[in-house]
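This report describes one structure for a reader who has not met it before. It starts with the strands, then turns to a helix, a ligand site and a loop.

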Amino acid sequence: MGFSPIQQRKLDEAGFLVLPDFMTPDLLDRLRERVDALLTVEGDLAGSEFKQEPGCCRLANLIEKGTVFRELLLEPRILDLVSCVLGRQFKLSSMNARSANPHGNRRQPLHCDMNAVPDEAGFWVCNTVWMLDDFTELNGPIRAVPGTHRSGQLPQEILPDLSAPHPQEVLLTGSAGTVIVMNAHLWHGGIENQTAYPRRAVHGFFCRRDKPQQQYQGGLISAETQATLTLPMRQLLALDDVLNDELSADVAVRSGFLK
Ligand SMILES: O=C(O)CCC(=O)C(=O)O
């Protein structure tokens with residue numbers, strides 16, 4: 001494992017781990033370039049394979065849309081940390097991008113991704129957030145309530161107002177090139193971007209193999225792209241996994257908060 005016991009304990013106890021300077025400048029440049037190009041080309045349709053969100057631009061199905069995103073999928077240090085949350089049996093659930101609009105003036109409600117609560121086998125969702133811009137207090141970082149991944153409850157079961165500040169919340173800030181690994185049972189949500197610039201991130205979202213993918217990769221990735229994928233990629237995408245076909249093929253896409 002490439003991470004210290006202290007870092008692993010932080011991920012386990014707080015529910016997130018911030019990894020500064022994780023990306024090389026070259027990777028960061030290529031991710032930015034591809035995300036911006038896709039946002040331009042897709043225009044009003046951007047994100048529509050999944051869900052669109054007021055106040056921000058989203059992209060979905062990124063494994064299909066660029067080799068640079070496939071590099072993220074196979075990053076061994078990230079996969080090690082994901083396995084600290086999910087155990088060894090996991091797969092990609094979706095890969096998306098989210099750009100909080102300048103002066104977007106909207107915050108996400110506190111949520112758990114996919115409205116997921118841990119089950120008898122433990123945690124089953126884990127997100128990785130690849131910061132393409134600095135996340136500052138003002139430009140719409142993620143807020144999170146440390147330790148809530150262990151509460152066994154969804155925020156909407158407890159809190160009267162999911163948009164209100166939470167007394168224990170912290171802001172997950174960092175400079176561009178940082179990656180956050182987050183137990184996605186953690187109560188969290190993006191807040192308002194009050195600046196004049198977009199705040200972009202790519203989300204590599206993973207789940208345990210016995211659960212449905214958020215976005216069924218076998219249905220979304222074209223045959224042409226599938227033919228170029230290596231075996232480790234196919235395994236992480238669950239492309240040759242009959243159980244995943246049963247679990248994911250007919251499941252409506254599920255978000256923790258988007259209708
Ligand atoms: O701000 C972000 O990039 C992450 C927001 C988030 O929690 C989500 O879209 O589920």
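Two strands are said to pair if DSSP finds at least two bridges between them. The model discussed here is predicted. Strand 4, residues 125-131, pairs with strand 9 (residues 199-208) in the antiparallel sense over 7 bridges. Strand 4 also pairs with strand 7 (residues 179-183), again in the antiparallel sense, over 5 bridges. The table gives one bridge for each pairing.

| Residue of strand 4 | Residue opposite | Strand pairing |
|---|---|---|
| Val-129 | His-203 | strand 4 and strand 9, 7 bridges |
| Cys-126 | Asn-183 | strand 4 and strand 7, 5 bridges |

In a regular strand the side chains alternate between the two faces of the sheet. For strand 4, one side holds Val-125, Asn-127, Val-129 and Met-131, and the other holds Cys-126, Thr-128 and Trp-130. Both faces are covered, and 7 of the 7 residues of strand 4 are buried.

Trp-130 also belongs to the largest nonpolar core, which has 57 residues. Trp-130 is among the members that touch the most others, together with Phe-16, Val-82, Val-179, Val-181 and Val-202. Beyond its neighbours within four places in sequence, Val-179 is in contact with Thr-128, Val-129 and Trp-130, and also with Leu-19, Phe-22, Met-23 and Ile-78.

Ile-78 is one of the buried residues of helix 4 (residues 76-86), the others being Leu-81, Val-82, Val-85 and Leu-86. Seen down the axis of helix 4, these residues fall within an arc of 130 degrees, so they line one face of the helix. Their cover includes helix 1 (5-14), strand 1 (16-19) and strand 3 (90-100), as well as strand 4, strand 7 and strand 9. Just after helix 4 comes Gly-87, with a positive phi of about 80 degrees.

Val-129 of strand 4 is also one of the residues that surround the ligand. The others are Arg-98, Gln-108, Asp-113, Ile-142, His-188, Gly-189, Gly-190 and Ala-201. By type, this shell has 3 nonpolar, 4 polar and 2 charged residues. Strand 8 (residues 188-190) gives the most to the shell, with 3 residues.

The loop between strand 8 and strand 9 contains Thr-195. Is Thr-195 buried or partly exposed? Thr-195 counts as partly exposed because it has 16 C-beta neighbours inside 10 Å, whereas a buried residue has 20 or more. Leaving aside neighbours within four places in sequence, Thr-195 is in contact with Pro-102, Leu-138 and Asn-139. Leu-138 lies 57 residues from Thr-195 in sequence, and their C-alpha atoms are 6.5 Å apart.

Conventions. Residues are numbered from 1 along each chain as its sequence is written. This is a predicted model: local features need pLDDT of at least 70, side-chain atom pairs count only at pLDDT 80 or more; totals for chains, interfaces and linings use all residues. A residue is buried if 20 or more other C-beta atoms lie within 10 Å of its own, exposed if 12 or fewer, and partly exposed in between; C-beta atoms are placed from the backbone. Helices (H or I, at least four residues) and strands (E, at least two) are DSSP runs, numbered from the N terminus. A nonpolar core is a set of buried Ala, Val, Leu, Ile, Met, Phe, Trp, Tyr and Cys residues joined through C-beta atoms within 7 Å. Two residues are in contact if their C-beta atoms, placed from the backbone, lie within 7 Å. The arc is that of the directions from the helix axis to the C-beta atoms. A residue is near a molecule or strand if its C-beta atom, placed from the backbone, lies within 6 Å of it. Ala, Val, Leu, Ile, Met, Phe, Trp, Tyr, Cys and Pro count as nonpolar, Asp, Glu, Lys and Arg as charged, and the others, Gly among them, as polar.
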